[in-house]
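Reader: Could you take me through one helix-to-helix contact in close detail, and then show me what surrounds it? I'd enjoy a friendly walk through the residues.

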Amino acid sequence: MTGLILAIGLAIMCFAVLAWGLKLPRKLWEVTGIALLLGLTGYALQGSPAQTGAPKAPVERMDGAGSAAMIAERQKLNGSAPMGDNLLVTADAFSRHGQYADAAETLRVAVVKDPANGDAWLSLANALVQHAEGNLSPAALFAFSRAEQAAPSHPGPPFFLGLALARSGRLLEGRAVWGDLLARTPPQAPWRADLTAQLADLDAFIARQNAMMQTQ
């Protein structure tokens, strides 16, 4: 973890030096940020993910079928058939076989090719979380952020960010993300029922954790 923190600090320093010290043109800031992200992503893929001691919520609907269920859920939130982008199709195939590092590497190419591809950013975020065994790395958080920037009204980024937060033990943060998403989800949205059920499961888990703490 110390090494990753140092890497993040160096990346921020590099960006600051390039952007303000060397007067990098603003039109190149996005490309520079993506390049630094790719460096952090590579570090995350090669390093050992941090182990969290916090209790993790057992979100059964997503855990049971693993990566295939996550991909299907992402496609359902898209409200369409699987995307035809060959890189995303290849990355999904890697993820279905548990090859998360290969999926992330493929998606790194996709976001460089098209920085506005929100589905690629979301898929990259999910692949990084899965590769880190459910832990949220700074690179994954950045990818979630870019996915939301690409499609601010899309339910996918907050849905999977809330899921990742809950799985990593950050229960109240995950609950807040899902609660906000539910509050702005139209009544007729096809994903509303599943989100409501997921949120109810998380609330029940939080309640059990609080009850256990009170008895100790």
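Author: In this predicted model, the H10 side of the contact with H11 consists of Leu171, Leu172, Gly174, Arg175, Trp178, Gly179, Leu181 and Leu182. Facing them from H11 are Arg192, Leu195, Thr196, Gln198, Leu199, Leu202, Asp203, Phe205, Ile206 and Gln209. Sorted by class, the contact of H10 with H11 holds 10 nonpolar, 5 polar and 3 charged residues.

Now for the geometry: the axes of H10 and H11 lie 10 Å apart, at an angle of about 150°. Angles over 145 degrees count as roughly antiparallel, so H10 is roughly antiparallel to H11. The crossing of H10 past H11 is left-handed.

Trp178 of H10 turns up again in the largest nonpolar core, a set of 42 residues. Trp178 is among those with the most contacts inside this core, along with Leu124, Leu136, Phe144, Phe159 and Phe160. Both H10 (171-183) and H11 (192-215) supply at least two residues of the core, and so do others, including H6 (100-113) and H8 (138-150). H7 gives the most, with 8 residues.

Phe144 is worth a look too. Beyond its neighbours within four places in sequence, Phe144 touches Leu122, Ala125, Asn126, Val129, Leu136, Pro157, Phe160, Leu161 and Ala164.

For a companion to the first pair, try H6 and H7, which pack at about 155° with axes 9 Å apart. That angle makes H6 roughly antiparallel to H7, and their crossing is left-handed. Leu107 of H6 and Leu124 of H7 are among the residues making this contact, which divides into 12 nonpolar, 3 polar and 1 charged.

Conventions: Residues numbered from 1 in each chain as written. Predicted model: local features only at pLDDT ≥ 70, side-chain atom pairs only at ≥ 80, totals over all residues. Heavy atoms only, no water. Core = buried A, V, L, I, M, F, W, Y, C linked by side-chain atoms within 4.5 Å. Buried < 20%, exposed > 50% of the residue type's maximum accessible area, 1.4 Å probe, protein only. Helix = DSSP H or I, 4+ residues; strand = E, 2+ residues; numbered from the N terminus. Contact = heavy atoms within 4.5 Å. Axes fitted to C-alpha atoms, helices over the stretch in contact; angles between N-to-C directions. Parallel < 35°, antiparallel > 145°, perpendicular 65-115°, else oblique. Left-handed = near helix turned anticlockwise from the far one by under 90°. Nonpolar A, V, L, I, M, F, W, Y, C, P; charged D, E, K, R; others polar.
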